[in-house]
Amino acid sequence: MREQELGKMKKGHVVDSLTMGRLIDESHARSQKFGIDSMSRNTSQECISDVDLEKRRAANDELLQVVLPHFAEFFDLLSPDDFLIAAIDADGYILHITGSELLKKQYRQRNCAPGFRWTEKDVGTTAISMCHKHHIPIQLTGADHYCNLAHHLTSSSAPIFGEGGELLGILVVSGAKEFTHPHTLYMVTTAARAAERQLRVTRRNKTLALHIGFFDKVIESASTGLLILNGEGEIWKINGKGARILKSDNLEGKHISALDGLSLDIEQLRSSSRRWENKECWVRCERGTVPILYTAQAVLSETNEMLGAVLVFNEMSEIQKLAENIAGAKAHYTFPMLVGRSERFLEAIDLAQKAADSTVTVLLQGETGTGKELFAQAIHNHGNRSHYPFVPINCGAIPAELLESELFGYVEGTFTGAVKGGRPGKFELADGGTILLDEIGDMPHHMQVKLLRVLQTAEVYRIGARKPVKINTRIIASTHVNLSKAVEQGRFREDLYYRLNVLPINIPPLRERGNEDILELAMLFLNRGTPLPRTFSPSAQQALVSYHWPGNVRELENIVQRALHRCEGETLDAEHFALPVKEHVRHVPTGTLKDMEHRLIEATLQETNNNMVESARRLGISRATLYRKVEKMRDTVYPA
């Protein structure tokens with residue numbers, strides 16, 4: 001056929017009778033060239049095994065699932081005793097045939113059966129082979145077929161295409177030529193087009209199902225709770241994490257109002273979404289009350305129609321742990337990092353290691369600068385709470401009026417300047433982990449009462465809250481104050497003391513740990529962060545071990561660092577330390593008792609460079625008492 005006429009053929013469209021005649025003539029010529037026997041069937045025709053046929057059927061399962069129901073529709077109009085219907089794959093192999101058993105037996109005599117390949121090279125001119133070659137609907141009758149065995153038949157075939165225009169298969173209807181009718185070709189072509197549409201829908205549904213499955217997996221993999229609402233405020237989807245947080249398994253399909261305490265207004269959410277960011281609330285659900293932090297976001301269509309909303313939420317405890325991890329509330333020291341070989345120091349470490357394996361309250365006692373917080377960190381890191389927060393708080397450094405909010409937190413609107421949404425306290429932030437109550441001996445008396453209640457009930461009340469928050473926090477307390485004496489003096493509650501003093505650990509001062517520990521620690525501080533190795537001269541070592549170290553390890557570290565800045569060489573001498581000289585001059589006190597007290601306080605403050613903590617320790621009084629006495633001294637000297 002001339003190229004211009006071939007170019008007029010459109011894939012999948014029926015051609016005019018003149019063009020069809022030329023196509024048939026050309027196919028006959030090719031059939032003769034291929035050596036096809038027009039008088040008998042081709043005994044060497046390509047036919048696959050039953051196993052390979054099943055493989056091809058499986059590979060074309062989607063196609064067969066769509067076209068086979070059309071076979072039943074054909075037989076609503078055609079008799080199975082008169083017509084046979086077949087499905088052929090893209091390579092020309094017959095996959096399935098439907099018709100009467102007699103008709104199928106007759107067609108098998110000319111190799112028209114499942115497993116045989118029906119291309120032009122195999123069988124010559126047929127409706128199947130021509131449709132396979134030209135990708136257009138074909139109807140052949142009588143002598144249009146190349147083989148005489150088919151001259152008593154009529155055949156109508158139509159191609160089935162995929163979304164990309166590729167040939168997926170062929171439908172063919174064949175029967176006696178006296179039943180030839182142009183409507184048969186129309187029926188087959190219509191069925192092929194319907195199959196294409198159904199295949200597209202099926203594939204899109206599968207793609208949609210994959211997307212929905214992936215969407216479900218994404219929702220389930222989220223580390224926060226996710227809740228999706230429709231436009232009426234009904235819960236369409238909630239992920240597993242969200243169901244666990246809300247302790248409910250059957251929320252889907254219910255209205256959002258089922259979560260008592262959430263108070264989400266869908267219409268208000270649409271107009272002002274910022275109002276629903278990082279909201280804190282207590283949700284009352286089936287199995288209890290849960291404090292959560294949530295953000296709600298409206299979902300709008302392209303035309304600004306309200307489709308629904310998405311809520312992202314988590315338990316307050318999870319948010320707090322995340323905040324602590326970001327803020328760096330983490331213990332860094334471990335037992336191997338605690339340097340020392342003295343017997344008393346090793347005894348303290350051994351006791352601390354045993355404490356790490358238990359959950360009892362630990363009381364660390366020792367002078368300022370002995371390393372009480374380092375011990376607390378090591379205990380935390382050695383136990384099963386090491387993956388949770390370690391939160392230290394200095395009970396003596398925070399003003400009494402602020403300590404309660406620091407420890408227990410507060411709810412929104414409690415006082416002027418309160419953070420919107422409220423704020424958790426240190427106990428909540430340490431939930432699951434450890435809280436270090438440093439300088440517990442300086443805690444105000446009214447706070448001692450509230451701390452005792454926390455120890456007894458394992459729950460805290462935020463300031464302004466009506467309901468408590470359950471906590472699972474290990475408590476380690478530390479102090480430089482002799483608590484037993486403080487109890488005797490009425491400065492510390494006896495019941496709280498016994499609650500804290502479950503496992504006391506006394507950390508020895510540096511001066512009692514021996515020369516070996518002093519020099520080992522000094523060498524550690526000397527070479528920490530220094531690119532070049534340095535050492536101490538004999539005179540420097542003698543100065544180090546001779547000094548009484550009132551500030552303990554902290555003072556030793558500071559003095560070594562100061563010496564490094566004064567020394568230009570690799571060896572540090574005694575002169576680089578500039579250790580303070582303590583003169584031991586005995587003075588006979590004179591004057592009134594109050595005068596003697598004033599002079600003693602002044603001398604101690606001068607000796608410690610106005611270090612109130614160390615002065616209070618040396619005087620055997622609390623820091624708060626020292627502050628009061630100093631204030632009275634000033635009022636006496638400078639009366640108003």
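Me: Before I look at strand β18, what does buried mean?

Reply: A residue counts as buried when its relative accessible area is under 20%. In this predicted model, strand β18, which spans residues 474-479, is mostly covered, since six of its six residues are buried.

Me: Which residues of β18 lie on one side and which on the other?

Reply: Both faces of the strand are covered, with Arg474, Ile476 and Ser478 buried on one side and Ile475, Ala477 and Thr479 buried on the other.

Me: In what sense do β11 and β18 pair, and over how many bridges?

Reply: Strand β11 (residues 362-365) pairs with β18 in the parallel sense over four bridges, and within this part of the model Leu364 stands opposite Ser478 of β18. Strand β15 (residues 434-438) also runs parallel to β18 and is joined to it by four bridges, where Thr434 has Arg474 as its bridge partner.

Me: Turning to the helices, at what angle do α19 and α21 pack?

Reply: Helix α19 (residues 515-527) and helix α21 (residues 552-566) pack at an angle of about 50°, their axes being 9 Å apart. The two helices are therefore oblique to each other, and their crossing is right-handed.

Me: Which residues make the contact between α19 and α21?

Reply: From α19 come Ile518, Leu521, Ala522, Phe525 and Leu526, while α21 contributes Val553, Leu556, Glu557, Val560, Gln561 and Leu564. Sorted by kind, the residues of this contact are nine nonpolar, one polar and one charged.

Definitions and conventions:
Residues are numbered from 1 along each chain as its sequence is written. This is a predicted model: local features need pLDDT of at least 70, side-chain atom pairs count only at pLDDT 80 or more; totals for chains, interfaces and linings use all residues. Side-chain values use heavy atoms; hydrogens and water are left out. Axes are lines fitted to C-alpha atoms, for helices over the stretch in contact, and angles run from 0 to 180 degrees between N-to-C directions. Angles under 35 degrees count as roughly parallel, over 145 as roughly antiparallel, 65 to 115 as roughly perpendicular and the rest as oblique. A crossing is left-handed if the near helix is turned anticlockwise from the far one by less than a right angle, and right-handed if clockwise. Contact means heavy atoms within 4.5 Å. Ala, Val, Leu, Ile, Met, Phe, Trp, Tyr, Cys and Pro count as nonpolar, Asp, Glu, Lys and Arg as charged, and the others, Gly among them, as polar. Buried means under 20% relative accessible area, exposed over 50%, partly exposed in between (1.4 Å probe, protein chains only). Two strands pair if DSSP finds at least two bridges between them.
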